[in-house]
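Let's take a walk through this protein model together. Keep the picture open as you read, and look for each part when it comes up.

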Amino acid sequence: MLRILFKILRYVGLDLSPKPKYTIGNIKSHNSLIDSLLPQFVQIGDNFISAPGSIILAHDASLLYHTGHYRVQKTIIGDNVFLGANAVILPGVTIGDNVIIGAGSVVTKDIPNGMVIAGNPAKIISSVDEYILKCRQRNILIKAPDTFQKIFEGKDLNQSDIETFQNSALQINSQ
């Protein structure tokens, strides 16, 4: 109901919807939940892609009951980072450029440039270059249609874009 009210207000020229307070590079649309208490402590670089259910935190209330204090630290994500489904980045973590974070990972420590990480707690699995080579050797890579460039423009994919991708996947997997 509230969503409809916001749409009506936006239609008449009043946009009351909350604005993100975190900084992000050239991608304005992603699937991550950003720390709602301290979004200004989250910094995300260019070409960030995240899957549904992923969370980026900048505070931790685990000591609140014991000390009356929150742990607060800036969380920084570099350029060209992929964050898998249901992955969690904890406060104070810095993730380098060109990093792939596997689904369900819990990132508790800084990650250097060019690494693939996964697990709970997340650990380095390989370099991105090694991971690409493994995927090529297994013949499991599918070229994204040109229309998928929309992702980097903050636009949604349409049904035709998705069907084109699905047809490509069917062709590769039937060989």
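Start with an open sheet of 4 strands in the order β1-β3-β8-β11, paired in parallel. At its edges sit β1 (23–24) and β11 (94–95), each of which pairs on one side only. Strands here are DSSP runs of E with at least two residues, numbered from the N terminus, and two of them pair if DSSP finds at least two bridges between them. In general, the strands of a sheet pair through backbone hydrogen bonds, either parallel or antiparallel. Strand β8 (residues 75–77) runs parallel to β11 and is joined to it by 2 bridges. If you want to spot one such link, Ile-77 has Ile-95 as its bridge partner in β11.

A quick word on where this comes from: the model is predicted, so local features need pLDDT of at least 70 and side-chain atom pairs count only at pLDDT 80 or more, while totals for chains, interfaces and linings use all residues. Residues are numbered from 1 along each chain as its sequence is written, and side-chain values use heavy atoms, with hydrogens and water left out.

Now for the inside. The largest nonpolar core has 23 residues, and Ile-44, Ile-56, Ile-89, Ile-95, Ile-101 and Val-107 have the most contacts inside it. Two or more residues come from each of β3 (42–44) and β14 (115–119). A nonpolar core means buried Ala, Val, Leu, Ile, Met, Phe, Trp, Tyr and Cys residues joined through side-chain atoms within 4.5 Å. Buried is under 20% relative accessible area, exposed is over 50%, and partly exposed is in between (1.4 Å probe, protein chains only).

Take Ile-89: leaving aside neighbours within four places in sequence, its contacts (heavy atoms within 4.5 Å) include Ile-55, Leu-83, Ile-95 and Val-107.

What about the loops? These three residues are worth finding:

| Residue | Loop | Relative accessibility |
|---|---|---|
| Leu-37 | between β2 (33–34) and β3 | 48%, partly exposed |
| Asn-47 | between β3 and β4 (49–50) | 24%, partly exposed |
| Asn-98 | between β11 and β12 (100–101) | 37%, partly exposed |

Backbone angles come next. Most residues other than glycine have a negative phi, and most peptide bonds are trans. Asn-47 has a positive phi, near 55°, and the phi of Asn-98 is positive too, near 60°. The peptide bond from Asn-120 to Pro-121 is cis, with omega near 0°. You'll find Pro-121 in the loop between β14 and β15 (122–127).
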